[in-house]
Amino acid sequence: MPSWIVYIIALLGGGLAGAFVTRYFVMRDRRLKKLALRTVREEVRSIVPLTIKNKQFANLTYKEFILVNSTNQDFESLDLIFEFDKESEVVSEETHSKLGINKCDKAITKPSECTYVIKNFNRGQSIIFKFEVAGITKNFFSAVVDKTGVELDIEAAKAVEKPSISPSKYVSKTTIAQ
């Protein structure tokens, strides 16, 4: 009589332990993957009104970000969207990665937005994004990854570097031809 009880307990215990182990691995694989986005540098380049591409802007700000794949997964394709103040406009952008240069797709976005399609983003790899944004009023910034199960861990800049121009040296207008 006691021998068959041992078998039943072993089968039930083993099945229960197997169910818990399976559940653990399923939950581990389905959890959100977090990519690290850090603000490397944020600097006000001009506080003087300026004209860029025949448009008048109140200021010009330089922003530099680095995106690091800190997950344990390689991504075949990611859509990354950067958005700044609603009234602002991204006047220049530049990216650097191991695979080369990614281009911002301006055809489908607003002037204050940049959308990148990042291909083959492997573990430990990083991409540097550099922007010159004109007409910033609230210093608003948002970045989103358009892929299920992936989210950004954003680390903002500690301080914004401002130009040291005394009020007596302001110029009325600056024109940049591009």
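Colleague: In which order do the strands of the open sheet of 3 strands stand?
Modeller: A word on the ground rules: this is a predicted model, where local features need pLDDT of at least 70, side-chain atom pairs count only at pLDDT 80 or more, and totals for chains, interfaces and linings use all residues. Residues are numbered from 1 along each chain as its sequence is written, and side-chain values use heavy atoms, leaving out hydrogens and water. Helices (H or I, at least four residues) and strands (E, at least two) are DSSP runs numbered from the N terminus, and two strands pair if DSSP finds at least two bridges between them. With antiparallel pairing, the order is β7-β5-β9.

Colleague: Which strands are the edge strands there?
Modeller: Neighbouring strands of this sheet are turned by 20 degrees against each other on average, direction ignored; the axes are lines fitted to C-alpha atoms, with angles between N-to-C directions running from 0 to 180 degrees. Two strands pair on one side only, and these are β7 (113-121) and β9 (141-145).

Colleague: Which residue in β7 stands opposite Glu-83?
Modeller: Strand β5 (residues 75-84) pairs with β7 in the antiparallel sense, over 8 bridges. Opposite Glu-83 stands Glu-113.

Colleague: What is the order of the open sheet formed by 5 strands?
Modeller: Here the pairing is mixed. Sheet strands in general pair through backbone hydrogen bonds, either parallel or antiparallel. In this sheet the strands run in the order β6-β8-β4-β1-β10.

Colleague: Which strands stand at the edges of that sheet?
Modeller: Neighbours in this sheet are turned by 25 degrees against each other on average, again ignoring direction. Two strands have a single partner each, so one side of each lacks a neighbour in the sheet: β6 (89-97) and β10 (150-155).

Colleague: What is the bridge partner of Leu-37 in β10?
Modeller: Strand β1 (residues 33-46) pairs with β10 in the parallel sense, over 6 bridges. For Leu-37 the bridge partner is Ile-154.

Colleague: Are the rings of Phe-65 and Phe-141 stacked or edge-to-face?
Modeller: The structure holds 11 aromatic pairs, counted when rings of Phe, Tyr and Trp (its six-membered ring) have centres within 6.5 Å; planes under 30 degrees apart are stacked, over 60 edge-to-face and the rest tilted. Phe-65 lies in strand β4 (residues 60-68) and Phe-141 in strand β9, so the pair ties together parts that are 76 residues apart in sequence. Since the ring centres are 4.5 Å apart and the planes are at 15 degrees, the pair is stacked.

Colleague: Is Phe-65 buried or exposed?
Modeller: Buried means under 20% relative accessible area, exposed over 50%, and partly exposed in between (1.4 Å probe, protein chains only). Its partner Phe-141, at 22%, is partly exposed. With a relative accessible area of 2%, Phe-65 is buried.

Colleague: Which residues do ring pairs link into a cluster with Phe-65?
Modeller: Phe-65 and Phe-141 both belong to this cluster. Alongside these two, the members are Phe-82, Phe-84, Tyr-116, Phe-129 and Phe-131.

Colleague: Which side chain does a polar contact join to that of Thr-51?
Modeller: Thr-51 is found in strand β2 (residues 50-52) and counts as buried, at 12% relative accessibility. A polar contact is a pair of N or O atoms within 3.5 Å, one able to donate a hydrogen and the other to accept it within protein, where residues adjacent in sequence count only if both atoms are side-chain atoms. Across 3.2 Å, the side chain joined to Thr-51 is that of Gln-56.

Colleague: What share of the residues of the protein counts as buried?
Modeller: The protein has 1 helix and 11 strands, and along the sequence the helix is followed by the strands, as the pattern α-β-β-β-β-β-β-β-β-β-β-β shows. Of its 178 residues, the buried share is 33%.
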